[in-house]
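Colleague: I have the sequence and the model open. Please walk me through them.

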Amino acid sequence: MDTNIYTLIGEATAYDKKQMLEVRHPKSWLKSVSAFANGEGGTLIFGISDDDQIVGLADAKGDAEKISEEIKSKLDPIPAVNLDPKEVEGKNLVLLHVYPGQETPYYYIGDKQRLAFVRVGNESVVANRIQLKTLVLKGAGRTYDSLPSNKSFKDMAFSKLRSVHYKRLQRSFEDSEFVSWGIVDEDGRLTNAGALLADESPVRQSRIFCTRWNGLDMTSGLGEAIDDVELEGCVIGQLQDAVSFVRNNSHKKWWKEDDYREELPDYPERAVTEAIANAIIHRDYMQMGSEIHIDMYDDRLEIYSPGGMLDGKLIQQLNPLTVPSKRRNPLLADFFSRLGLMERRGSGMKKIMDAYKQYQHLAKCHIPEFTSDASEFHVTLWNLNYDGNNTTADNTYQKKGFVKEPAEFTKEFIKEPVEFTKEFIKASRQIYKLISTNPKVSTVQMAESMGLSTRQVLKYIKRLQDLHKIARVGGRKIGEWKIIDEEYEGFFDRI
């Protein structure tokens, strides 16, 4: 058994198979060659049955020659491929490796047709109008956000961009940076990225619709929406307003401990911010008449954005913790990441999962869910406080200032693993406050302030560093501490 063959068989999007070479119907397999070349590449294996059994080819050498001839005559342009004959279990196979192309779209030409195919999950399908436009841009080395819009820079204002830039980076946004950041082209026209960042964005398909529904779905019969808003304009402002909408329509349960108050939000704000930022950055703005939808129900929050995975894969078939970040709008993504509005490197999905990880000890904690198809991406965040009862009623304890007996909440919510013991929570809260007050504070000074041994403090610091909540910047003598997870800081900021 050739393990390489079976490794390929497990790759749904990057693998296809044919039991035999269909000479009279070359489109049946050439469509996969077109789709692989238009996407991330892939391998087509001849001599594998539909149920993944190795059956082999009667004339592998002759079939390989015919494969090469058909590709040259029926694909335009001709993609880069490699024919790799293999003998597995005494049977002859032909592996056709197709490399990702730079001259997209790669068309199948035959049967009086000229069609470009793309890969969606484990299928090769005809590219729709939007996908074809994307392939044309890719072949030209362009992306939607880098294209010039029909708006002039001098006609638009950027007060939101300037204010957030100053707040985040502590310096003014210079006019020269509009060009260097790809917001304005050399002719003074806004790029599409610039149009999306303008105060009064003219891009109609950039809107976000936010709705808080009464119940568990839109048709629960409990009445109309409790709250809704339509957001437009600068996408930075949209992100801030969307996060505020979720915050304003959420609750926090709380209970007393000996010397502080413990809080549990409906949704971790870091997860909400990252999910909405990713929807704004990775959505397909070429889908005219579309918009992002944020729907809040009693038990969950759903975020829909136009545009599936850029490489055609289905997120539900992948591990969200290891999915690499592929940016549909790289200029916009780079701008957001420089301002610290979203994850700079790697997958934002990992950050969403990490935000829930600190609550994994709760019996009612469900991990976020991600689903996609060719044209849509969905994120579901589960309400940490939902228990099947009226969550709003539970929150009246907070509103009226009454608190249930601490023991009830401890039994219901505090099931801390070792890393979240009361001692660790208390020590972490003290460490965060000390670092916030003096980033250069030493471990010896921490120990003195906390009434602990230096060894104990070092143990807690090591745990916080392992959780990627704090970091040491610079050397031991001249360096300083940095809080790298602001939401976690808020988690320990007790009253």
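**Starting from one strand pair**

Modeller: In β18, the residue that stands opposite S372 is F377. The two strands there are β17 and β18 (residues 376-382), and they pair antiparallel over four bridges. Two strands count as paired if DSSP finds at least two bridges between them. Strands (E, at least two residues) and helices (H or I, at least four) are DSSP runs, numbered from the N terminus.

Colleague: What do strands of a sheet pair through?

Modeller: Backbone hydrogen bonds, in a parallel or an antiparallel sense.

Colleague: Before more detail, what is the mean pLDDT of the protein chain?

Modeller: The mean is 84, and 85% of the residues reach 70 or more. pLDDT is the predictor's confidence in each residue, from 0 to 100. This is a predicted model, so to speak of local features we need pLDDT of at least 70, side-chain atom pairs count only at 80 or more, and totals for chains, interfaces and linings use all residues. Residues are numbered from 1 along each chain as its sequence is written, and side-chain values use heavy atoms, with hydrogens and water left out.

Colleague: Where does pLDDT stay under 50?

Modeller: Over residues 390-419. The model has 44 contacts for them beyond four places in sequence. A contact means heavy atoms within 4.5 Å.

Colleague: Back to β18. In what order do the six strands of the open sheet come?

Modeller: The order is β12-β11-β15-β16-β18-β17, and the pairing is mixed. At the edges are β12 (227-231) and β17 (369-372), each pairing on one side only. From one strand to the next, the twist averages 10°.

Colleague: Which strands does helix α8 lie across?

Modeller: α8 (residues 235-248) lies across β11 (208-212), β12, β15 (292-296) and β16 (300-306). It runs at about 175° to β12. Helix α9 (residues 269-282) packs on the sheet too, touching β11, β15, β16 and β18. The direction of α9 makes about 15° with that of β16. Axes are lines fitted to C-alpha atoms, for helices over the stretch in contact, and angles run from 0 to 180 degrees between N-to-C directions.

Colleague: S290 caught my eye. Where is its place?

Modeller: In the loop between α9 and β15.

Colleague: Is S290 buried or exposed?

Modeller: S290 counts as buried, because its relative accessibility is 8%. Buried means under 20% relative accessible area, exposed over 50%, and partly exposed in between (1.4 Å probe, protein chains only). Leaving aside neighbours within four places in sequence, S290 is in contact with Q205, R283, D284 and P306. Q205 is 85 residues away in sequence, yet 5.4 Å away in space, C-alpha to C-alpha.

Colleague: New topic. How many aromatic pairs does the structure hold?

Modeller: Nine. Rings of Phe, Tyr and Trp (its six-membered ring) pair if their centres lie within 6.5 Å; planes under 30 degrees apart are stacked, over 60 edge-to-face, and the rest tilted. Take W181 and F335: the ring centres are 4.5 Å apart and the planes are at 70°, so this pair is edge-to-face. W181 lies in the loop between α6 (177-180) and β10 (189-191), and F335 in helix α10 (residues 330-338), so the pair ties together parts 154 residues apart in sequence. W181 and F335 are buried.

Colleague: Which residues do ring pairs link into a cluster?

Modeller: F153, F158, F173, F178, W181 and F335.

Colleague: And what lies over the face of W181?

Modeller: R338, at 4.4 Å from the ring centre. A charge sits over a ring if NZ of Lys or CZ of Arg is within 6 Å of the ring centre and within 35 degrees of the ring normal. R114 lies over the face of Y107 in this way, at 4.2 Å from the ring centre.

Colleague: What stands opposite R114?

Modeller: I109 does, with R114 in β7. Strand β7 (residues 113-120) runs antiparallel to β6, joined by four bridges. The two form a hairpin with two residues between them. In that turn, D111 has a positive phi of about 55°.

Colleague: Last one: how many helices and strands does the protein chain have?

Modeller: It has 18 helices and 20 strands. Of its 495 residues, 49% count as buried.
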